[in-house]
Amino acid sequence: MKAHCHSHKSRRQVCAKPKEQLQLQIQLPTIRDYGYPSGLMFSMFVNTNNYLKSGVVIASHVRKREYRFSSRAPWKYSFQPAFNLIDHRELHFQARGSECRKMSSQAMGEKESNGVVKDCLQELPHSNNYETAMEALSSLITGQKRGSRSSVGSRYGKLERMQMYLKILDLEEHIPKLKIIHVAGTKGKGSTCAFCEAILRECGFRTGLFTSPHLIDVRERFRINGLDISEDKFLFYFWDCWNQLKQQVTEDLPMPPLFQFLTVLAFKIFVCEQVDVAIIEVGLGGTKDSTNVIKVPVVCGIATLGMDHTEVLGDTLGEIASHKSGIFKPQIPAFTVHQLSEAMDVLHEKANELAVPLKVVEPLDERKLDGLKLSLSGDHQFTNAGLAVSLCKCWLQRTGNWEKILQNQDKKEANIPEAFLRGLAAARLSGRAQIVYDLSSNCNSSSTLAESSSGDLIFYLDGAHSPESMEVCARWFSSAVQESKQLPKLLSSSHDVEIIKEVWGSGYIQSERDSSVESNKISKKILLFNCMEVRDPQILLPRLVSTCASSGTYFSKAIFVPSMSTYNKVTSGTSAIPSGISNRDLSWQFSLQRLWEKIIHGIEGDILDKSSKLDSAETLPPREFVYEDASRCSPADGIFGCSSVISSLPLTIKWLRDCVRENPALRVQVLVTGSLHLVGDVLKLLKR
């Protein structure tokens with residue numbers, strides 16, 4: 001059976017049932033018609049991303065907010081089963097589906113409608129088989145190295161193929177109606193997008209956010225009204241896109257590679273979810289990026305530029321800026337932050353060619369926050385916040401909503417609207433300047449026992465992987481560990497969990513207890529590091545060490561581990577953790593360790609390589625390893641004890657937990673950086 005959308009291009013029909021395909025169609029009122037944020041109207045769609053599992057402190061508060069009412073027409077879901085995958089499962093819910101379809105022609109009350117929807121979703125055959133979708137996505141990974149010539153669809157270029165995929169899904173005419181904010185950059189583009197989404201959501205708009213990469217689950221890439229898309233909705237839209245594209249593949253137009261498919265899926269989700277604004281983060285570069293099928297955005301942004309992905313974008317800042325400015329569209333306003341002159345000259349040149357009004361934005365003045373704190377940590381976030389404020393203001397002006405936002409504003413127009421302030425204080429982005437307190441060693445329910453039974457284990461996570469971002473990460477970590485001295489002792493009682501408020505992914509922890517007494521625990525700072533082999537650790541690690549040292553922050557030890565994530569499989573938050581580690585090649589980790597020892601001991605040349613005993617490592621170092629400072633490491637007799645290679649990340653986390661459990665006077669502060677894959681793997685382990 002051939003699955004495709006109707007030839008008519010209305011949004012309702014794009015999201016309606018495919019022809020001649022057994023399917024479930026549900027018509028519901030728009031969530032905003034009832035004034036509820038997406039994810040709260042239906043209990044099975046709630047996805048808060050807030051956890052209190054495995055002893056991880058992840059507590060947040062929910063703020064009541066008002067949402068605009070709309071008379072927008074209802075929307076529809078369409079669902080197609082995975083006929084082309086695995087065991088070609090058949091549907092056994094025709095009768096139930098018929099009952100559900102009656103909803104589209106009946107006026108039902110909200111409560112009754114919700115009940116029928118829930119019953120129908122529970123009977124979908126694939127709703128409990130999320131891993132099947134992950135296997136399908138994994139089949140789209142090409143395995144080609146970054147920078148090599150694409151072997152996919154040789155007859156057509158990437159953007160040509162993207163346009164063809166969108167045409168198959170009848171989406172190309174609907175993308176301009178998404179009122180898009182398009183953001184590129186080397187570092188800070190994800191944070192800028194997160195700020196934009198939170199600001200416009202606080203202004204009362206239904207938001208869609210597409211970012212990359214994901215850390216734990218692919219659904220993190222698609223946010224509706226601030227929440228990751230639910231598993232049920234993801235599966236609806238995923239199979240709809242998958243089956244329609246699968247029916248149209250040819251030798252010249254194969255199935256899209258992973259990121260192209262996810263980009264097309266994002267447009268599908270945002271169109272069918274009828275978002276008021278879609279904030280789209282560029283994946284790689286700009287000119288040839290899959291997201292650059294956006295022809296008429298409302299406004300574009302360029303975050304800070306630096307040297308990254310040089311194998312694809314070029315080895316000069318000017319070449320990189322040329323790629324990034326490829327998202328500029330004729331006469332569409334654009335904003336950027338202060339750049340180095342080589343990059344800024346290229347941006348201005350490209351803007352002049354396209355008659356783009358390009359404005360350079362100043363970092364946000366902290367005094368304008370009225371005492372609030374940015375939800376994303378680090379001084380660099382004031383640059384990203386300033387860019388986000390300008391982008392949102394321009395979006396509101398160009399969509400005719402700016403004056404409405406100011407109507408209830410008591411302050412002068414020159415100040416930041418209150419909704420903007422709320423958004424800046426509520427944005428979240430996992431794995432960037434994020435702090436997680438691990439309390440798994442406090443197994444007792446009694447707070448008295450918990451306080452005295454073990455030390456503290458604190459993870460500082462930042463996916464920095466370029467020289468510039470590594471320097472920013474080092475400054476943030478140095479500042480954060482200094483601030484942590486003022487935090488009260490963490491207990492495992494429910495009362496203490498409630499008063500420590502952390503928005504998962506925000507990186508900012510606020511305690512309501514005023515404590516001027518510093519903890520008497522002994523602090524040990526440990527680096528947990530890995531990076532991809534396309535990176536240059538000879539630049540990354542020295543930049544990290546020197547920047548931390550300039551702030552008076554020194555690492556006791558460093559641990560080098562392989563990531564759990566594989567590059568040929570898409571996994572979910574519940575996917576099994578790989579166990580086959582005995583034969584894992586650790587040569588890259590040992591090379592990182594050798595470099596680290598050279599940096600710490602100031603050794604030049606190949607002295608370390610000839611005399612060191614770092615050819616092999618025990619599965620786990622002794623407990624004493626974490627207690628000793630690097631200053632006590634001696635290169636005498638070729639023995640270097642400032643670092644260790646551990647073959648397994650799960651073993652590393654367990655070992656760290658055991659160390660603090662056995663030493664109540666110990667506070668271990670672990671900086672996890674070098675790779676977003678590593679950060680995501682650590683988060684996955686901490687959440688379990």
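**Entry 1: a strand pair**

I began at D438, which stands opposite L457 in β12. The model I am reading is a predicted one, and I kept that in mind throughout. D438 belongs to strand β11, and I found that β11 and β12 pair in the antiparallel sense over five bridges. I then looked at how the residues of β11 are turned: Q434, V436 and D438 point one way, while I435 and Y437 point the other way, and all are buried. The strand is mostly covered, since, as I noted, five of its five residues are buried.

**Entry 2: confidence**

Before going further I checked how far the predictor trusts the chain, and found that the average pLDDT is 76, with 67% of the residues scoring at least 70. Over residues 488-518 the pLDDT is below 50, although in the model this stretch has 84 contacts beyond near neighbours in sequence. A second stretch, residues 607-612, also has a pLDDT below 50, and there I noted 11 contacts beyond near neighbours in sequence.

**Entry 3: salt bridges**

I looked up the salt bridges next, and the structure holds 18 of them. Which residue forms a salt bridge with D438? The partner is R657, with the closest N and O atoms 2.9 Å apart. D438 lies in strand β11 and R657 in helix α22, which covers residues 649-662, so the pair ties together parts that are 219 residues apart in sequence. Both D438 and R657 are buried.

I then turned to R667, which forms a salt bridge with D456, the closest N and O atoms being 3.2 Å apart. This pair, too, links distant parts of the chain, for R667 is in strand β18 and D456 in strand β12, 211 residues apart. I checked their exposure and found that R667 and D456 are both buried.

A third pair gave me another picture: R475 forms a salt bridge with E471, and their closest N and O atoms are 3.1 Å apart. Here both residues lie in helix α16, four residues apart, which is about one turn of the helix. R475 counts as partly exposed because its relative accessibility is 41%, and E471, at 26% relative accessibility, counts as partly exposed as well. I also noted a network, in which salt bridges that share partners join R206, K233 and E273.

**Entry 4: helix α16**

Since R475 and E471 lie in α16, I followed that helix along its length. It runs over residues 467-483, has 17 residues, and reaches 25 Å from its first C-alpha to its last, close to the 24 Å expected at 1.5 Å a residue. Its buried residues are P467, S469, M470, V472, C473, A474, W476, F477, S478, A480 and V481. What covers these buried residues includes strands β11, β12, β15 and β18 together with helix α18, so I met again the two strands with which I began.I picked out S478, whose place is in helix α16. Is S478 buried or exposed? S478 has a relative accessible area of 3%, and therefore counts as buried. Leaving aside its neighbours within four places in sequence, I found S478 in contact with C548, S551 and T553.

**Entry 5: nonpolar cores**

I went on to the largest nonpolar core, which has 49 residues, and among these L137, F234, F238, F261, F267 and F270 touch the most other members. Elements that each supply at least two residues of this core include α4 (130-138), α5 (158-168), α7 (231-246) and β7 (277-281). The largest share, 11 residues, comes from α8. I looked more carefully at F267, which, not counting residues up to four places away in sequence, touches L166, L171, I175, L178, I180, I280, V293 and I294. Apart from this core lies another, of 44 residues, among them C203, F205, L396 and F420.

**Entry 6: R688**

My last stop was R688, which lies in the segment after α23, a helix of residues 676-687. With a relative accessibility of 36%, R688 counts as partly exposed. I also looked up its separation from G573: the two residues are 115 apart along the chain, and their C-alpha atoms are separated by 9.2 Å.

How values were computed: Residues numbered from 1 in each chain as written. Predicted model: local features only at pLDDT ≥ 70, side-chain atom pairs only at ≥ 80, totals over all residues. Heavy atoms only, no water. pLDDT = per-residue confidence, 0-100. Contact = heavy atoms within 4.5 Å. Buried < 20%, exposed > 50% of the residue type's maximum accessible area, 1.4 Å probe, protein only. Expected span 1.5 Å × (residues − 1). Salt bridge = Lys/Arg side-chain N within 4 Å of Asp/Glu carboxyl O. Core = buried A, V, L, I, M, F, W, Y, C linked by side-chain atoms within 4.5 Å. Pairing = 2+ DSSP bridges.
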